[in-house]
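Trainee: Could we go through this structure together, one question at a time?

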Amino acid sequence: MKICLISFDFWHYDEHIVEKLSDKGIEACHINIGAFTHKNTGERIKNTFSKIFLGKNPKHHKRQSFILESLEKIGKQDQILVINPEAIEESIHKKIREYADRNIAYLYDSMARNPATHLLHYFDTIFSFDDNDVKNFGFEKITNYNYLDHLPAEKQHPKLDLFYITSYDQKRLSALNLLINRLLPMEIKFEVYMVGKKGWKNKLNQIIDQKNIEILKFGRKKIAHHALPSYYKNTKVILDLMRADQTGLSFRIFEAMALEKKIITDNPTIKTYDFYNPNNILVLDKNFRNVKKDFFTTPYEKLPKEVYDKYTLDHWVNTVFKLNS
């Protein structure tokens, strides 16, 4: 069987899908749009000039061509999975459809954030992690997946009570500011790492209290995907704050599951899942007044194996590509 994945794999989550397929003996390939780069400095300068002065982004168009060139090399596929198809032009989707016996889409951004209504007819099956989109558009529901190896809590020795990594997002930062103000009197050991360009630092004063800004750690470059687990292993609890217009569960939930970490989240939909346990998962109330110190001091309660297995990458791959049918 030949399966191709097409995605803009900025955070390197999608590459795990291809690895899992290869482990199953499937001829799998990944057209990673995000990996496309300029050939040289001259092209990079021309692209910057075009964006600033002409309002056009040649790199975007070259990425579209890159998809077709890659498909021409690998030929017809039994299945093609496109993750977040709105990043690809409709004319390219028409060509992708010709290369796939079964064409699949997975949306792990909501339709409210990234509309894709004009592209839906190109797919045989559309999966979504967002409950509202499943209800409103009739998509098939699937969550993100747990791609990490299981590591029991008793084999870890975390020094932090809480860890959070985020990029600039006004909604999440407002929630973070409120939460920090709740945590400080409890003497909770926590660390917040913010990633992004310098420009947004000037905006923080409008969202976050000055004393809280001084707590944050800043980095221009994102933490490498393969390094994230080491940060999570060093904490008892992982913080998960939602983006606006999104109800689906982030990858943090499943990374926490693999490493047996507790979760604090403002996503109320997590209560509807079979792995929800109030001893492991604290869903913040309106003013975050339900944050108590004992949540950080009581041990993680292990999940039943049959529940844990439902959210592994192996189960995800079997479901999306119908490998057990």
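What follows is a friendly set of questions and answers on the structure shown above.

Trainee: This is a predicted model, so what is the mean pLDDT of the chain?

Mentor: Good place to begin, since pLDDT is the predictor's confidence in each residue. In this chain 90% of the residues reach 70 or more. The mean pLDDT of the chain is 90.

Trainee: Over which residues does pLDDT stay under 50?

Mentor: Look for a stretch for which the model has twelve contacts beyond four places in sequence. The stretch with pLDDT under 50 is residues 44-56.

Trainee: Which strands stand at the edges of the open sheet that contains E1?

Mentor: This sheet has six strands in the order E2-E1-E3-E4-E5-E6, and the pairing is parallel. An edge strand has a single partner strand, so one of its sides is left without a neighbour in the sheet. The strands at the edges are E2 (27-32) and E6 (140-141).

Trainee: Which residue in E5 stands opposite Ala105?

Mentor: Strand E4 covers residues 100-107 and strand E5 covers residues 125-128. The two pair in the parallel sense over four bridges. Opposite Ala105 stands Ile126.

Trainee: At about what angle does helix H1 run to E2?

Mentor: Helix H1 (residues 15-23) lies across E1 (2-7), E2 and E3 (77-83). The angle is taken between N-to-C directions, on a scale from 0 to 180 degrees. For H1 and E2 it is about 165°.

Trainee: Which strands stand at the edges of the open sheet that contains E7?

Mentor: Six strands form this open sheet too, in the order E9-E8-E7-E10-E11-E12, with parallel pairing. Neighbouring strands here are turned by 20° against each other on average, direction ignored. Each edge strand has a single partner, so one side lacks a neighbour in the sheet: the two are E9 (217-219) and E12 (281-283).

Trainee: Which residue in E10 stands opposite Leu160?

Mentor: E7 and E10 pair in the parallel sense over three bridges. Opposite Leu160 stands Thr235.

Trainee: Which strands of that sheet does H6 touch?

Mentor: H6 packs on the sheet, and its direction makes about 160° with that of E7. Its buried residues, among them Leu173, Leu176 and Ile180, also pack against helices H7 (210-213) and H10 (294-297). The strands of the sheet that H6 touches are E7, E8 and E10.

Trainee: Which residue caps the N-terminal end of H6?

Mentor: H6 spans residues 170-183 and reaches 20 Å from its first C-alpha to its last, close to the 20 Å expected. At its N-terminal end, a side-chain oxygen lies 3.2 Å from the backbone nitrogen of Lys171. That oxygen belongs to the capping residue, Asp169.

Trainee: Is Asn146 buried or exposed?

Mentor: Asn146 is in the loop between E6 and E7, and its side chain reaches the backbone nitrogen of Leu148 at 3.2 Å. Asn146 also touches residues including Phe254, Tyr308 and Leu313. Its relative accessibility is 3%, and the cut-off for buried is under 20%. Therefore Asn146 counts as buried.

Trainee: Which residues does Ser250 touch, not counting residues up to four places away in sequence?

Mentor: Ser250 is found in the loop between E10 and helix H9 (251-258). At 17% relative accessibility, Ser250 counts as buried. The residues Ser250 touches, with those up to four places away not counted, are Asn144 and Asp240.

Terms used:
Residues numbered from 1 in each chain as written. Predicted model: local features only at pLDDT ≥ 70, side-chain atom pairs only at ≥ 80, totals over all residues. Heavy atoms only, no water. Expected span 1.5 Å × (residues − 1). Buried < 20%, exposed > 50% of the residue type's maximum accessible area, 1.4 Å probe, protein only. Contact = heavy atoms within 4.5 Å. Polar contact = N/O pair within 3.5 Å; in protein donor to acceptor, adjacent residues only side chain to side chain. Pairing = 2+ DSSP bridges. pLDDT = per-residue confidence, 0-100.
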